[in-house]
Amino acid sequence: MMNILLPSMGGSSFFKDSYFPKMMYEICGKTMLELVVDNFKELDPEKYIFVFSKQECMQFHLDQSAEMLTDKTKVIQLENDTAGALCTCLMAVECIDKDKPLIIANSDQIIEVDYQKIVAYFQEKDADAGLITFPNIHPRWSYVIKQGEEVIEVAEKRPLSKDAIAGFYYFKKGEDFIEAAKRALLKKNSHEGKFYISASINELILLGKKVLYYDIPAEKYKSFYSPAKIKEYEEGKH
């Protein structure tokens, strides 16, 4: 059994004209929140951990919506924005089972893959951490440098290679992420003042941990970072 952590904090300029929160944006007749939860159902996680804005929960009841989708929901509500996704994830530290596998994923995406197969690959190889990668060169993403089957370096918003991270991070144990994240914060390993989850991967690499990757075709990665990308996804479904 594993934990799936889905941080959802920080506004997006792409959705500034939307009255409802981004997670309530409707895509093919379902909210983004529903699609994201559905995307992980095959893994049958022990718990889904959401980190939401307290204001959005008070005004739009995001917490109640998440709790209706699954009885495995844990919701953390934050009053203020954090200094990046890494900090947002650490705010959920008390909900993370330290000795169980942890997946952290973007809350505005789905990946059309067999997650069971991917997780099984990381587990069979006894990886301490694992990333899903796809071909890209846009500085919007984080990137990896590969050596054989392992990742030896990652960088945020800088194409070190053509291998972008698809917003999916697997950790063999929750405590591995927590300790690596703390190390990244202590070193002030940020990008333009924001701390990203990719920084924790570099810390694991520096500790000599085994970090693997799993390549997927670009078309399998569906990011909903803008209304235009959502429209593109919907048109592809017709």
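Alanine 199 is in contact with Ala184 and Asn189, leaving aside its neighbours within four places in sequence. The model described here is predicted. Alanine 199 lies in helix H7. Its relative accessible area is 6%, so alanine 199 is buried. Glutamate 153 is 46 residues away from alanine 199 in sequence. In space, the two C-alpha atoms are 9.7 Å apart.

The contact of alanine 199 with Ala184 belongs to a meeting of two helices. Helix H6 covers residues 174-186, and helix H7 covers residues 198-206. Their axes come within 8 Å and cross at roughly 100°. An angle of 65 to 115 degrees counts as roughly perpendicular. H6 and H7 are therefore roughly perpendicular to each other. From H6, the contact involves Asp176, Phe177, Ala180, Ala181, Arg183 and Ala184. From H7, Ala199, Ser200, Glu203 and Leu204 take part. Six of the residues in this contact are nonpolar, one is polar and three are charged.

H6 itself has 13 residues. From its first C-alpha to its last, the helix reaches 19 Å, close to the 18 Å expected at 1.5 Å a residue. The buried residues of H6 are Gly174, Asp176, Phe177, Ile178, Ala180, Ala181 and Ala184. In an α-helix there are 3.6 residues a turn, so residues three or four places apart point the same way. H7 is part of what covers the buried residues of H6. The cover also includes helix H4 (85-90), strand E6 (102-105) and strand E11 (163-171).

Lysine 188 follows H6 and has a positive phi, near 55°. Histidine 191 is found in the loop between H6 and H7. Its relative accessibility is 23%, and histidine 191 therefore counts as partly exposed. Not counting residues up to four places away in sequence, histidine 191 touches Glu156, Lys157 and Tyr196. Glycine 84 is 107 residues from histidine 191 along the chain. Their C-alpha atoms are separated by 9.3 Å.

Lysine 157, one of the residues touched by histidine 191, is found in the loop between strand E10 (150-156) and E11. Its relative accessible area is 26%, so lysine 157 is partly exposed. Phi of lysine 157 is near 55°, a positive value in a residue other than glycine. Most residues other than glycine have a negative phi.

Strand E10 also holds valine 151. Valine 151 counts as buried because its relative accessibility is 3%. Leaving aside neighbours within four places in sequence, valine 151 is in contact with Leu131, Val144, Ile145, Ile205, Val211, Leu212 and Tyr213. One of these partners, valine 211, is 60 residues away in sequence. The C-alpha atoms of valine 151 and valine 211 are 5.5 Å apart.

The largest nonpolar core has 45 residues. Phe40, Ile103, Ile111 and Phe168 have the most contacts inside this core. Its largest share, five residues, comes from helix H1 (residues 32-39). Another core lies apart from it and has 36 residues. Leu90, Ile165, Ile178 and Leu204 are among the residues of this other core.

Isoleucine 111 has partners spread along the sequence. Leaving aside neighbours within four places, isoleucine 111 is in contact with Asn39, Ile132, Ala166, Phe168, Ile216, Lys220 and Tyr221. Asn39 is also one of the buried residues of H1. The others in H1 are Met32, Leu33, Leu35, Val36 and Val37. Six of the eight residues of H1 are buried, so the helix is largely enclosed by the rest of the structure.

Glycine 29 and cysteine 28 share a loop. Glycine 29 lies between strand E2 (26-27) and strand E3 (30-31). The place of cysteine 28 is also in the loop between E2 and E3. Glycine 29 has a relative accessible area of 68%, so this residue is exposed. Cysteine 28 has a relative accessibility of 41% and therefore counts as partly exposed. Phi of cysteine 28 is near 50°, a positive value in a residue other than glycine. Glutamate 234 is 205 residues from glycine 29 in sequence. In space, the C-alpha atoms of glycine 29 and glutamate 234 are 9.8 Å apart.

Key. Residues are numbered from 1 along each chain as its sequence is written. This is a predicted model: local features need pLDDT of at least 70, side-chain atom pairs count only at pLDDT 80 or more; totals for chains, interfaces and linings use all residues. Side-chain values use heavy atoms; hydrogens and water are left out. Axes are lines fitted to C-alpha atoms, for helices over the stretch in contact, and angles run from 0 to 180 degrees between N-to-C directions. Helices (H or I, at least four residues) and strands (E, at least two) are DSSP runs, numbered from the N terminus. Angles under 35 degrees count as roughly parallel, over 145 as roughly antiparallel, 65 to 115 as roughly perpendicular and the rest as oblique. Contact means heavy atoms within 4.5 Å. Ala, Val, Leu, Ile, Met, Phe, Trp, Tyr, Cys and Pro count as nonpolar, Asp, Glu, Lys and Arg as charged, and the others, Gly among them, as polar. A nonpolar core is a set of buried Ala, Val, Leu, Ile, Met, Phe, Trp, Tyr and Cys residues joined through side-chain atoms within 4.5 Å. Buried means under 20% relative accessible area, exposed over 50%, partly exposed in between (1.4 Å probe, protein chains only). The expected span of a helix is 1.5 Å times one less than its number of residues.
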